[in-house]
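Reader: I'm new to this one and would like a slow, close look at a single part. Could you pick a helix, go through it side by side, and then show me what surrounds it?

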Amino acid sequence: MRVEEVAGNRYHLGDCVEGAREVLPDGSVDLIVTDPPYGIGGDRLHQHYNRDEAHVVEGYVEVPPEEYGEFTHAWVAEAARVLRPNGSIYVVSGYTNLYHVLDALRATDLREVNHIVWRYSFGVHTRRKFVSSHYHVLYYERPGPGRRTFNANVRFGPEERGPDGRSLDYADREDVWAIDREYKPGRRKNKNELPTELLVKMLQYSSDPGDMVCDMFLGGFGTARVAVGLARRFVGFEVSPPIFEAGVERMRGVREGDLLPDLRVPRGAGPGRTGQRWTPEETGLLVDRYGELRAEGMTKTRAVEVLGAEFDRGRFAITNVLKREGL
Ligand SMILES: C[S@@+](CC[C@H](N)C(=O)[O-])C[C@H]1O[C@@H](n2cnc3c(N)ncnc32)[C@H](O)[C@@H]1O
């Protein structure tokens, strides 16, 4: 399998199942973010979008519908193997083959965390039915003895509110994500590229700088670009030679950490929250998170410690709220 290394990150040309078997040891990846071929004639997907085909990189490799189930089971099993315990995986899927993706995920020991609906407004135009305007994002974790990385408040502080008085953190963590597709006139692109904003959100919540991020289906190398831009390490696979060459070329121009200065800095998430009043939203988040930690088998004492760090509150404050909530 051919590998191109750019600034220490590895891009492999070839089938991701064979490739993962060959180059990725068990438990070697912290986070997988991937967008497999949809098995619905992806090589004709451009017909859905109003854009200039001259800028679209040719060579997208589709999977025949009759092979989709077997194909999905094979790559999902590999993804589950290479993910470390407590690592996370996000799989983007359309509706048509969602049942194959769910079936494959459920055949592994991975555990569902959320079913996210990604809503966008660049869908197919219809006259006699509703307009398709969403994808599914399946967010799973590999069970383990520790804690899954989930950087609560990495984007919005717990007290930050929008003009309508609603908590920005709460809104950002709802499981329907309204993020528009990017229209990039004049730039060479892969069919069906994921928006940077969507990828940044997954990586911010579910990984830290220096973590190893993997994409089994590189396509336009969007996940790679965002991972390197956020100073994560990266490994990935793409089976199509022209798409691979275009992507590697693109990665040569990406500087590690170049997206970091543009990230929004959450307000009020730093130290010194002791003594501040608990809002109903924050209390709700605390109760949910406590339930998750206990379900993972954590003792109450350890859970209170973890919650203290995550919510930036003292032990007594956490214990008091839990008591008040009957926990
Ligand atoms: C939906 S696209 C990925 C799009 C990507 N997320 C982006 O933002 O540009 C799926 C990609 O997987 C590639 N592919 C298809 N079968 C593959 C396989 N067995 N191994 C690796 N890549 C494959 C296709 O050529 C295509 O580029």
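Author: Here is a walk around helix α8, followed by its neighbour α9 and a few other spots.

Keep in mind that this is a predicted model. Helix α8 covers residues 280-295, which makes 16 residues. How far apart should its ends be? At 1.5 Å a residue the helix should span 22 Å, and its end C-alpha atoms are 23 Å apart, so the two values agree.

Now for the sides of α8. Which of its residues are buried? They are Glu 282, Leu 285, Leu 286, Tyr 290 and Leu 293. These buried residues cover an arc of only 135° around the axis, which puts them on the same side of α8. That spacing has a simple background: an α-helix has 3.6 residues a turn, so residues three or four places apart point the same way. Turn to the other side of α8 and you meet Pro 280, Asp 288, Gly 291 and Ala 295, which are exposed.

What do the buried residues of α8 pack against? Their partners are α9 (300-311) and α10 (315-324). On the way out of α8, just after the helix, Gly 297 takes a positive phi of about 95°.

That leads us to α9, which can be read in the same manner. Its twelve residues should span 16 Å at 1.5 Å a residue, and the end C-alpha atoms are 16 Å apart, which agrees. Buried in α9 are Ala 303, Val 304, Leu 307 and Phe 311. Their arc around the axis is only 100°, which places them on the same side of α9. Thr 301 and Ala 309, on the other side of α9, are exposed. The packing is returned here, as the buried residues of α9 pack against α8 and α10. Just after α9 comes Asp 312, with a positive phi of about 55°.

Since we've run into positive phi values, here are two more. Asn 86 isn't a glycine, yet its phi is positive, at about 75°. This residue lies in strand β4 (residues 83-93). Asn 86 is partly exposed, with 17 other C-beta atoms within 10 Å. The other one is Asn 153, again a residue other than glycine, with a positive phi near 65°. You'll find Asn 153 in the loop between β6 (134-141) and α4 (168-172). Asn 153 is buried, with 21 other C-beta atoms within 10 Å.

For contrast with the helices, try a strand. In β9 (residues 233-238), six of the six residues are buried, so the strand is largely enclosed by the rest of the structure. Arg 233, Val 235 and Phe 237 point one way from β9, while Phe 234, Gly 236 and Glu 238 point the other way. Strand β2 (residues 9-13) pairs with β9 in the parallel sense over four bridges, and Arg 10 stands opposite Val 235 in β9. Strand β8 (residues 212-215) also runs parallel to β9, joined to it by four bridges, with Val 213 opposite Phe 234.

One last stop is the ligand. It is surrounded by 19 residues, and the closest are Asp 35, Phe 217, Gly 219, Gly 220 and Gly 222. Sorted by class, the shell around the ligand has nine nonpolar, six polar and four charged residues.

Terms used. Residues numbered from 1 in each chain as written. Predicted model: local features only at pLDDT ≥ 70, side-chain atom pairs only at ≥ 80, totals over all residues. Near = placed C-beta within 6 Å. Nonpolar A, V, L, I, M, F, W, Y, C, P; charged D, E, K, R; others polar. Helix = DSSP H or I, 4+ residues; strand = E, 2+ residues; numbered from the N terminus. Expected span 1.5 Å × (residues − 1). Buried ≥ 20, exposed ≤ 12 C-beta atoms within 10 Å, placed from the backbone. Arc of directions from axis to C-beta. Contact = placed C-beta atoms within 7 Å. Pairing = 2+ DSSP bridges.
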